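Let's take a look around the two ligands in this one. Keep the viewer open while you read.

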Amino acid sequence: MSQVPEVVRAWVDACAEMLSPERVHWMDGSEAERTALEATAVREGVLIPLNPVTHPRCFLHRSRPDDTARTEHLTFVCSHLKEDAGPTNHWWAPDDAKARLTALFRDSMRGRTLYVVPFVLGPEDSPFRKVGVQLTDSVYVALNLRIMTRVGEVAWRAFPADGHFTRCLHGLGDQDPSRRFICHFPEEDTAWSIGSGYGGNALLPKKSVALRLASVRARDEGWLAEHMLLLAVQPPGGAVRYVAAAFPSQCGKTNLAMVTPPPALAQKGWRAWIVGDDIAWLRPGGDGRLWAINPENGFFGVAPGTSSATNPVAMATIDRDTIYTNVALAPDGTPWWEGHDRPAPEGLLDWQGRPWDGSSPAAHPNARFTVPLTNCPTLAAAARDPQGVPIDAILFGARRATTMPLVHEARDWAQGVFFGGTLASETTAAATGKVGVLRRDPMAMLPFLGYHLGDYLQHWLDVGAALSKPPRIFGVNWFRKDASGAFTWPGFGDNLRVLGWVLDRCDRRVGGVPSRFGLLPRREDLDLEGLDAPRLDAALTLIPAEAEAEAKDRTAFILELAERCPSTMRAEAERLLTDAQAPAPTAAHA
Ligand code: SAT
Ligand code: MN
């Protein structure tokens, strides 16, 4: 590879000296290379080929049973000053972290192959693209990276004139969880990860680069790196509009990004396309609007619960060219998971390869599929646009069984930043730890922010101030239950009905009911044609005692930022606490 920049070669040489691999493989991103690496992975037992007729070029990978999700307690922001990491991150002094990890990395690749994976985040011709290089001794990681990012020669073509690239060092180590560390050095635009081969722990361009490190660069350069899907929606007879939505992991970002209009809406002409399902880079454009690109090139989606009923677009995306991780395996070589279209086949092997007896989930709850964006039948043409797409609305969503309504609209950018900055959600299997616990997850970025939360919220306010036509900001909750414990909203395709209200509000075509949490829809302003929604009123209602508790909790959370709490956020907190406006739960739906 003659065109490899000298700075990259020198860095790789220095790392190889420390890692002592038997051989170094520079990835070129070609199809021939893909075939060769897949064969290597199959030979080494890292990948199991699936049924080539029903699932051409699909593979199954089984991770170690103690390595099945991101490990937030082992993830560090290693800024020089502890206070720059802020209250939501684990901090480790950079020199100490490097010393500890260097000892673990030293000679850790003896007898192994070091893969050098050059990657581009964003369309290669986008002025907003970023280039990085990940080193890894995992062929599974290398193959996943070539799906998730644009890999190989393209990175040298897109290499910036100033020679800057993000340095990512990843090693499997001995995969012992007590020697597992995921460290970020934002001042050096560098990530080091050892001891895990799974997901965001190991595919560093995803959460480590495109969110944690990028959030710091975004702060310095005046843009935003966010945990958001990007979606194109076209109402009947209208223009295509773009929506960005932040949800914590495993709260339905992929499903919303791949939304299919329900029959009644499809008949009227509603259409939707995906731009991205997990990460958005947003910046103010010359026209005063907020423009977004998807830095990724693939999906790393949750398999369990995915079916033709919940996400037909995903089902049409993951039947070829897909690496499955920790799903169950049927005797005919097809993948299976809880919630699959088919009932569980006889003779199923669970995610650890053991005969399944039905006593525990066959697929791991955080089982995933990795698949190229271009496989998706509803990929928007604009996903390739180097300038990105202009955003009309931002949604902050979460998994909340109580309290938060189906949808509410912030009064303005500042209140929207407050709502997003105090978002809370019930925890999921995407991270190790307890599932179903309510935690504040600001902008759905709690595990992914590379610097101080207070500075981040101020940065959001600053970006808003640079926009003459800012997107409207909304909160959504597809997971509200009623007093009997039943879901109040069907979700999935019907969420497009909520987007209809959102776009109507962006155009000021409808009003709403004022409440303590901004504007709520009137039932009659939602397009409910063809929908039986007997519990909808409960989804649109604020219960005063719950709303009061929520206001107090959000306020307490934001004020904990103390002297790094932006004054605008403090003012919003006070306003929410003292807001005399009644929630008007019944008037809303009269
Ligand atoms: O494991 S990942 O961090 O890539 C997936 C997620 O948690 O969203
Ligand atoms: Mn995510």
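Which residues surround ligand 1? Bear in mind that this is a predicted model. In it, the shell around ligand 1 is made up of Arg70, Gly199, Gly200, Lys206, Lys207, Ser249, Phe300, Arg368 and Ala430. Sorted by character, that shell has four charged residues, three polar ones and two nonpolar ones.

Now for the polar contacts. These three each reach an oxygen atom of ligand 1:

| Residue | Atom on the protein side | Distance to an oxygen atom of ligand 1 |
|---|---|---|
| Arg70 | polar side-chain atom | 2.6 Å |
| Gly200 | backbone N or O atom | 2.9 Å |
| Lys207 | polar side-chain atom | 3.1 Å |

How much of ligand 1 does the protein bury? On its own, ligand 1 would expose 260 Å², and the protein buries 98% of that. As for where it sits, ligand 1 is in the largest pocket. Two elements give two or more residues to the shell around ligand 1: helix H7 (199-202) and helix H8 (205-221).

On to the metal. Ligand 2 is a manganese ion, and its protein donors are Lys207 through NZ, His227 through NE2 and Asp278 through OD, lying 2.0 to 2.2 Å from the ion. So you meet Lys207 twice, as a manganese donor and as a polar contact of ligand 1. Read along the chain, the donors of the manganese ion follow the spacing K-x19-H-x50-D. Lys207 and Asp278 link distant parts of the chain, being 71 residues apart. Lys207 belongs to helix H8, whereas Asp278 is in the loop between strand E15 (271-276) and strand E16 (280-284).

Notes: Residues numbered from 1 in each chain as written. Chains lettered and ligands numbered in written order. Predicted model: local features only at pLDDT ≥ 70, side-chain atom pairs only at ≥ 80, totals over all residues. Heavy atoms only, no water. Near = heavy atom within 4 Å. Polar contact = N/O pair within 3.5 Å; in protein donor to acceptor, adjacent residues only side chain to side chain. Areas by Shrake-Rupley, 256 points an atom, 1.4 Å probe, with all protein chains shown as cover. 1 Å grid on protein atoms, 1.4 Å probe; cavity = no way out; pocket = protein on both sides within 12 Å on 5 of 7 lines; lining within 4 Å. Sits in = over half its atoms within 2 Å of the grid points. Helix = DSSP H or I, 4+ residues; strand = E, 2+ residues; numbered from the N terminus. Nonpolar A, V, L, I, M, F, W, Y, C, P; charged D, E, K, R; others polar. Donors = N, O, S within 2.8 Å, 3.2 Å for Na, K, Ca; no water.
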